[in-house]
Amino acid sequence: MKMAIDTSGNHTTTPAENRLVLSHLYVAFGALFIGTTFGLFQTLTRANLMQLPPWFDYYRMLTAHGVLLALVFTTFFITGLATFSVYKTIARERRSLNVGWIAWIVMLAGTLMAAFEILTGGASVLYTFYAPLKASPWFYIGATLLIVGTWIVFLDILLNLKAFRKANPGTAIPLPAFMAAATFVMWFLATLGVAVEMLLLIPWAFGWTSGIDVLLTRMLFWYFGHPLVYFWILGAYIIWYAVVPALLKVPVFSDALTRLAFVLFLVLSLPIGLHHEFVDPGIAARWKLLQTFLTLMVVVPSLMTAFAIFATFEESAAAKGQRGFVNIVRSLPWSDPVFAGCALAMILFIFGGFGGIVNASYAMDILVHNTMWIVGHFHVTVGGPVALTFLAVSYLLVPALTGRKLWSRSLALVQVWLWFVGMSIMSIAMHTQGLLGAPRRSADIAYAGAAVAAQWHPWALVTAAGGVVLLTSVVAFAINLFATIFAGEEGETPFVFAAARPDEPPAPKWVGNLGMWTVVAVLLVVVAYGGAFYDHFRDHVYLVPGLRTW
Amino acid sequence: MNIHRAETFFIRVAAATMLAFFAILVYLAVADRFVPPSHQQTIDPATVTSTAPFDHPGLVRTGPNTYDAYYVARVFSWSPQNLTIPLGSTVTFYVTSLDVVHGFTIPDEDVNVEVVPGWVSTVKRTFRKPGKLLLLCNQYCGIDHSAMYASVTVK
């Protein structure tokens with residue numbers, strides 16, 4: 001079989017391949033529309049501006065919001081993006097799409113199963129589904145199928161990588177495919193944790209086992225739950241590293257360092273989940289401190305990313321003869337909604353990163369744990385940089401895949417700015433509530449007029465105002481998306497991944513050796529979690545029966 | 001590997017900054033015992049209400065100005081519902097749950113710990129300001145989660 005090495009992405013994907021990628025994206029957008037609508041209702045409820053009916057209470061809606069946005073929207077977008085990155089840069093004469101379609105069907109079946117249980121009230125357990133809250137077993141089975149589906153996507157990526165290696169021995173995997181592969185190696189290792197948790201939860205939910213080890217399920221959940229956030233952010237990084245330079249018509253700043261950043265994320269995203277359990281009983285402080293160290297270290301590849309991206313901006317400005325901060329910023333293509341969306345997303349991520357370092361700071365967690373600060377933090381990370389980057393790149397990706405021109409560029413530009421403004425307002429108000437002590441996950445924050453609670457209400461109103469702006473942005477996105485798909489003018493929209501610098505020597509072999517990095521990642525997990533798990537199984541742990549408390 | 005000089009400098013500064021942050025946290029942990037609540041004691045949730053000291057939740061004096069406070073969490077209430085703490089005293093809270101996971105927090109005083117059934121959580125605090133404080137559950141526990149609160153009076 002003949003193959004082309006094509007790191008610049010000039011190779012064209014077939015209509016059949018495009019349909020598969022679009023099918024992932026459309027599920028993601030569907031989840032986005034429903035999930036964000038629920039989000040607005042939640043902000044209005046907490047601000048005491050509306051009351052949800054008992055047949056669709058706050059917690060049922062909050063579970064749907066969290067699952068649809070944090071798990072379904074992100075996962076389907078990233079599986080679509082990763083599949084596209086691989087298909088676009090690894091050319092094959094006849095590529096079987098069977099594995100890809102099976103993955104999509106399994107993911108969708110699982111999503112529908114879990115969504116049905118949530119919407120009908122069988123699983124108001126929020127997206128963290130902490131035992132011993134006991135949901136319907138079909139909720140856990142649905143969530144498991146969603147994850148198993150992503151493993152099949154991973155298999156599809158590996159099969160394509162294998163075909164590339166066979167046809168191009170000794171050649172490095174094209175950068176976008178490499179980034180997708182590294183992301184999915186990390187994802188696979190992370191999801192093993194939640195898969196084991198499901199093996200405990202499912203028989204228990206069916207009533208076949210009488211009790212559950214609550215702390216163990218929490219450790220397994222967060223072993224998965226923190227790399228989950230890196231899974232989201234790596235989806236955005238693929239776009240920042242490989243698409244944004246193409247928009248600016250400059251090469252990737254450094255192919256080798258991009259690969260290095262991704263393998264560092266692969267290794268360092270996994271052994272840090274305990275920082276979500278800083279105030280849990282039953283886990284010794286020394287293991288929490290060890291993971292604090294690793295959590296701070298994972299900031300380094302993010303700062304490498306910031307450097308590479310700003311260097312790219314500077315290089316593009318230099319090509320136009322512009323120097324100095326103000327001139328560089330002004331020279332950037334702000335009228336392009338794809339660029340503007342990604343750039344605004346990066347600004348939000350600066351604040352997301354700052355907050356993240358606060359959250360990682362060990363005993364300081366008592367100031368923010370389970371407060372609205374945390375909610376503000378993940379809205380200015382997954383809801384800011386990640387979601388906004390995904391929406392912005394959709395203005396390029398959907399036209400490129402459907403063969404229809406974007407319906408309105410100016411509406412797209414308005415949309416990304418509305419998102420930026422809405423998310424800024426909402427997350428600032430959420431962070432502030434948190435610092436004032438307001439708890440997250442409460443339908444009513446009046447607390448019968450307690451003095452401390454009186455300070456929270458004004459900021460809940462500001463949060464709701466941000467929610468209104470955000471939903472307006474989503475409506476603008478939906479209008480543009482449907483108009484593009486159903487009424488867009490037919491025509492080609494070129495999608496190009498940025499090429500490596502022609503004079504850059506290939507990255508050293510060890511950087512791109514995903515097998516070796518997988519071993520390193522597993523060893524680091526053993527080091528970081530070994531002590532905590534050893535302690536846990538040494539202690540006499542009581543199993544808890546579980547309850548449906550909603 | 002070919003790394004730009006400016007980037008080498010940047011990576012070093014980034015890594016050094018993170019190491020400095022970590023050094024501060026280690027210093028605070030060692031010098032000030034500023035560590036997150038991490039008590040490792042199991043308890044059978046089925047017999048909590050009949051086991052001392054949780055069979056009589058409330059305040060127990062342990063020294064001239066020190067107290068232990070025992071709390072039991074269940075959906076959707078705290079026991080004790082009202083507690084009075086002498087001004088200026090240091091209280092160690094021992095909290096456990098009869099059913100699901102709860103969160104024990106006094107937002108005014110930075111008391112904040114997860115309460116996991118089968119385990120006893122502890123958190124220590126010196127109360128230097130008088131007043132009626134709100135104690136609430138900050139981990140989702142079910143439909144009436146936001147009604148799960150109590151009061152602590154410092155005087």
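## Chain B and its contact with chain A

In chain B, residues 24 or more positions apart make up 56% of the contacts with a separation of 6 or more. The model is predicted. Its complex carries an ipTM of 0.96 and a pTM of 0.96 from the predictor. For chain B the mean pLDDT is 95, and 100% of its residues reach 70 or more.

**Make-up of chain B**

Chain B holds 1 helix and 10 strands. Along the sequence the pattern is α-β-β-β-β-β-β-β-β-β-β. The helix therefore comes before the strands, as that pattern reads, with helices and strands taken as DSSP runs numbered from the N terminus. The domain assignment splits the chain into domain 1, residues 1–35, and domain 2, residues 45–154. Between the C-alpha centres of these two domains of chain B lie 37 Å.

The overall dimensions of chain B are set out below.

| Property of chain B | Value |
|---|---|
| Radius of gyration | 20 Å |
| Radius of gyration of a compact globule of 155 residues | near 15 Å |
| Box of the C-alpha atoms along the principal axes | roughly 65 × 35 × 25 Å |
| Separation of the centres of domain 1 and domain 2 | 37 Å |

How many of the 155 residues of chain B count as buried, as a percentage? The share is 41%.

**The side of chain A that touches chain B**

The two chains meet through 61 residues of chain A and 53 residues of chain B. Which helices of chain A each supply at least two residues to this side? They are α6 (214–242), α8 (255–268), α9 (285–297), α10 (299–319) and α16 (451–454). Of the elements of chain A, α9(A) gives the most, with 7 residues. By residue type, the side of chain A that touches chain B divides into 44 nonpolar, 9 polar and 8 charged residues.

**Helix α15 of chain A**

Helix α15 of chain A runs over residues 409–435 and has 27 residues. From its first C-alpha to its last it reaches 39 Å. That is close to the 39 Å expected at 1.5 Å a residue. Just after α15(A) comes Gly437(A), which takes a positive phi of about 100 degrees.

Definitions and conventions: Residues numbered from 1 in each chain as written. Chains lettered and ligands numbered in written order. Predicted model: local features only at pLDDT ≥ 70, side-chain atom pairs only at ≥ 80, totals over all residues. Helix = DSSP H or I, 4+ residues; strand = E, 2+ residues; numbered from the N terminus. Expected span 1.5 Å × (residues − 1). Contact = placed C-beta atoms within 7 Å. Nonpolar A, V, L, I, M, F, W, Y, C, P; charged D, E, K, R; others polar. Domains from an automatic or database assignment. Rg over C-alpha atoms; globule rule 2.2 N^0.38 Å. Buried ≥ 20, exposed ≤ 12 C-beta atoms within 10 Å, placed from the backbone. pLDDT = per-residue confidence, 0-100.
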